[in-house]
Amino acid sequence: MPQSVWYTIAEVNIMDLTKIGKNIAQKRKQNNLTQEALAERLGMTPQAISKWETGAGLPETPALVALADCLEASIDDLLGRYGPETDLFMETNQSPPKAKNLPFIPRVERWDPPEGCDMWYSFPAMIAAALCSVEAYESGGVDALAMDMLNLRYYDIMHVTGIGYGFLWNTPRHLIEELWHINDHRDMADRVMRYYGRNYLWLTKENSTPEEVRRVALWSIANGRPVVMENAGGMPEYDLITGYADGGDTLIGWSHCMECAVKTDEQRRFVNPARWDEIKDYRALIIGSRVPPSYTDADSVAFALETLNTSGPAAYFDYKKDKMYAGDAALDMWLAACDTPQNAAKLCKTNDIYSFALYKNTIHAAQSVAAYFKGLDARSDKKVHDIYSQINIGAMRLADSRRRMDDTPADAPGYLERCREHITSIKRHRADMRLWLRELDEHFKDRAAYGAAYRPYG
């Protein structure tokens, strides 16, 4: 997989080019290369290398990737993003205003969604809303934002991030966990940004301070781009910051957990104290300018297959140090837990919120993936159409299995068998998905068939 460029928003003017130049020079010397030898390997002039190393300029994205490969370093190593003493940001040329609102960002909320909203998971939902809003702002079409457009983007992201192919079991808590923990969030954000062709920043406590995040977030919002952030103003999960007041001491936006808002405004957005000095953990996605897409539908199918084959313990979940299992191993644990009608009812029926979450973690995920392949079918060939048809029928069969389970009373004879049958049907659907994705992956490897039709869209 090609290296990712994590920090390339030129408009923010945040890179310390002198430090980057020193990093490049250090890596070059460690590889026993002169500037002339490095230039020859890259097909460039020694003057270009000298310019980078003195901080007079930064390599363009393709050159940066080639440079990192040549020096056997990561792009993060060259850009110097992980040292605790690294000064990440320089002052922007123009300070943002003390207050700013982006009123055109549509509401995205889990428990009280707008009509037509089907975006259940906060991570893909907020990124979908942010991307659509940025694109609309850039094109001057903010009035055209519609929930069906947001849903389609959300379904794509459920596929691109692998969320729609996950299944997680929380062993100590004995319950099914939300799927957006299935893969590493930084990696998932990178795949989405490269799929849609966007520069971006991914800021965490490992590579930035809260004050630095504050400065870049205010710059982003002042330039018409909402910010996706976890734990924004004390709000749980990922939220969409659509405005701020008091120079950033107050954050305004949409959350999947609006009951956690300190107060709401006339649009029903949360209005919370930012709590920058209290924040202990955070992840923030800042969306930048357009770049050529570098992640194809073929890449995303290969990653979906990888996620589908993930087993426990889940590599990226560390919430309260719980032990997590993923994929078929998780389903086996759920199946084993449904050993009596009473336990089956606890896990499948009696708790309404749990039952709803279970629906979203299985049927909703399968339907989201099917919606992505419907879009792929519309711009592809007969082979893709045939595979989409099978995926869509599989998702409908899974929903029918769930309905049969729900329609059976918990005290009726055969209820336990119906619950176990449904879990088995999920396992069967996952096995079918593996076959379909492998077939599609092989189809995409044929470069003649691959063509431009499989490039990202939107």
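A charge is taken to sit over an aromatic ring if NZ of Lys or CZ of Arg is within 6 Å of the ring centre and within 35 degrees of the ring normal. In the predicted model described here, Arg 110 meets this description, lying over the face of Trp 120 at 4.5 Å from the ring centre. A second case is provided by Arg 191, the charged end of which sits over the ring of Phe 303, 3.6 Å from its centre.

Trp 120 also takes part in contacts between rings. A search of the whole structure returns nine aromatic pairs, one of which joins Trp 111 and Trp 120 in an edge-to-face arrangement, with 5.6 Å from centre to centre and 90° between the planes. The two partners differ in their exposure to solvent probe: Trp 120 counts as buried because its relative accessibility is 7%, whereas Trp 111, at 43% relative accessibility, counts as partly exposed. Together with Tyr 121, these two tryptophans are linked by ring pairs into a cluster.

Another of the aromatic pairs is formed by Phe 167 and Trp 334, whose ring centres are 5.7 Å apart; the planes meet at 25°, and the pair is therefore stacked. This pair links distant parts of the chain, since Phe 167 is found in the loop between α7 (147-160) and β2 (168-170) while Trp 334 belongs to helix α11 (residues 327-337), 167 residues apart. Both Phe 167 and Trp 334 are buried.

At the level of the whole chain, the model contains 16 helices and eleven strands, and of its 458 residues 56% are buried. The accessible surface of the chain amounts to about 19,600 Å², with carbon and sulfur atoms accounting for 51% of that area. When contacts between residues at least 6 apart in sequence are considered, 72% of them join residues at least 24 apart.

In soluble globular proteins, nonpolar side chains tend to be buried together. In the present model, the largest nonpolar core comprises 119 residues, and the residues with the most contacts inside this core are Met 229, Trp 334 and Phe 373. Helix α6 (residues 122-139) gives the most to the core, contributing eleven residues. With residues up to four places away in sequence left out, Phe 373 touches His 159, Tyr 165, Val 301, Tyr 388, Ile 391, Leu 437 and Leu 440. Apart from the largest core lies another, of 19 residues, which includes Ile 20, Leu 33, Trp 52 and Leu 78.

Charged side chains were examined next. The structure holds 23 salt bridges, including one in which the side chains of Arg 28 and Glu 53 meet at 2.5 Å, N to O. Arg 28 lies in helix α1 (residues 17-30) and Glu 53 in helix α3 (residues 46-53), so this salt bridge ties together parts that are 25 residues apart in sequence. Both members of the pair, Arg 28 and Glu 53, are buried.

A further salt bridge joins Arg 198 to Glu 138, with the closest N and O atoms 2.6 Å apart. Because Arg 198 lies in strand β4 (residues 198-204) and Glu 138 in helix α6, the pair ties together parts that are 60 residues apart in sequence. Arg 198 is buried, with a relative accessible area of 3%, whereas Glu 138 is partly exposed, with a relative accessible area of 38%.

The side chains of Arg 379 and Asp 297 likewise meet in a salt bridge, at 2.9 Å from N to O. Since Arg 379 is placed in the loop between α13 (352-378) and α14 (382-407) and Asp 297 in helix α10 (residues 297-308), the pair ties together parts that are 82 residues apart in sequence. Arg 379 is buried, with a relative accessible area of 18%, and Asp 297 is buried as well, with a value of 0%. Salt bridges that share partners join Glu 138, Arg 198, Arg 225 and Arg 290 into one network.

Backbone geometry was considered last. Most residues other than glycine have a negative phi. Asn 32, although not a glycine, has a positive phi of about 55°; this residue lies in the loop between α1 and α2 (35-42) and is exposed, with a relative accessible area of 72%. Glu 72 also has a positive phi, near 55°, and is found in the loop between α4 (61-70) and α5 (75-79), where Glu 72 counts as exposed at 70% relative accessibility.

Definitions and conventions
Residues numbered from 1 in each chain as written. Predicted model: local features only at pLDDT ≥ 70, side-chain atom pairs only at ≥ 80, totals over all residues. Heavy atoms only, no water. Phe/Tyr/Trp six-rings, centres within 6.5 Å; stacked < 30°, edge-to-face > 60°. Buried < 20%, exposed > 50% of the residue type's maximum accessible area, 1.4 Å probe, protein only. Helix = DSSP H or I, 4+ residues; strand = E, 2+ residues; numbered from the N terminus. Contact = heavy atoms within 4.5 Å. Areas by Shrake-Rupley, 256 points an atom, 1.4 Å probe, with all protein chains shown as cover. Core = buried A, V, L, I, M, F, W, Y, C linked by side-chain atoms within 4.5 Å. Salt bridge = Lys/Arg side-chain N within 4 Å of Asp/Glu carboxyl O.
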